[in-house]
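Student: I would like to learn how to read confidence, core packing and salt bridges in a model of this kind. Could we work through them in turn?

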Amino acid sequence: YEVDAESGAIRARIGEGGSAVHLRSNTGAPVDLPPGFTLFPGASVVRSSTVERAGTVRNLIVQTSPEPLAEVMLFYREQARSAGIVVTLDIMGEDQASLGGVGRGLEFTISGRRTGEKTRFELSIGPTSQLASPARED
């Protein structure tokens with residue numbers, strides 16, 4: 001792997017050929033999200049990571065915002081539903097929350113925490129993994 005001394009960007013390659021996994025991670029880097037998803041308006045990107053394998057891409061974006069946690073979760077719940085994702089995990093507390101779902105070949109999760117005047121949240125979006133697929137009966 002390589003670490004860019006100026007930006008702190010990390011690039012790694014694991015494996016060879018079609019099974020190779022490429023990881024890119026950087027502080028404040030712009031991100032390409034799947035159609036229907038955007039960064040939270042006015043949020044700061046703390047770190048973004050992209051994992052590419054066999055033509056698929058998974059994004060993990062850590063953001064912060066002064067907006068309330070409930071607003072962040074509502075924003076991403078609506079984006080997920082509009083993108084055809086069925087929300088199957090919805091846990092909302094006063095200072096912590098998690099959402100998750102699967103649909104249209106994607107899985108999505110977001111976890112957030114409100115501390116003081118700042119909401120910090122991690123958004124993960126990528127192709128549906130075998131773990132997220134419905135169980136099969138043989």
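The dialogue below takes up confidence, then the core, then the salt bridges.

Student: What average pLDDT does the chain have, and where does pLDDT stay under 50?

Tutor: This is a predicted model, and the chain averages a pLDDT of 82, with 74% of the residues scoring at least 70. Over residues 130–138 pLDDT stays under 50, and for that stretch the model has three contacts beyond four places in sequence.

Student: Which residues of the largest nonpolar core touch the most other members?

Tutor: This core holds 21 residues, among which F37, Y76, F108, I110, L123 and I125 touch the most other members. Helix α1 (69–82) and strands β7 (96–103), β8 (106–115) and β9 (118–127) each supply at least two of its residues, and α1 gives the most, with five. Taking F108 as a case, and leaving aside its neighbours within four places in sequence, its contacts include F37, Y76, A80, L99, L123 and I125.

Student: How many salt bridges are found, and which parts of the chain does the pair E107 and R58 link?

Tutor: A search of the whole structure finds two. In one, the closest N and O atoms of E107 and R58 are 2.7 Å apart, and this pair links strand β8 with strand β5 (residues 56–65), the partners being 49 residues apart. In the other, R77 pairs with D90 at 3.0 Å between the closest N and O atoms, linking helix α1 with strand β6 (residues 86–92) across 13 residues.

Student: Is R77 buried or exposed?

Tutor: R77 has 14% relative accessibility and therefore counts as buried, whereas D90, at 40%, counts as partly exposed.

Note on methods: Residues numbered from 1 in each chain as written. Predicted model: local features only at pLDDT ≥ 70, side-chain atom pairs only at ≥ 80, totals over all residues. Heavy atoms only, no water. Core = buried A, V, L, I, M, F, W, Y, C linked by side-chain atoms within 4.5 Å. Buried < 20%, exposed > 50% of the residue type's maximum accessible area, 1.4 Å probe, protein only. Helix = DSSP H or I, 4+ residues; strand = E, 2+ residues; numbered from the N terminus. Contact = heavy atoms within 4.5 Å. pLDDT = per-residue confidence, 0-100. Salt bridge = Lys/Arg side-chain N within 4 Å of Asp/Glu carboxyl O.
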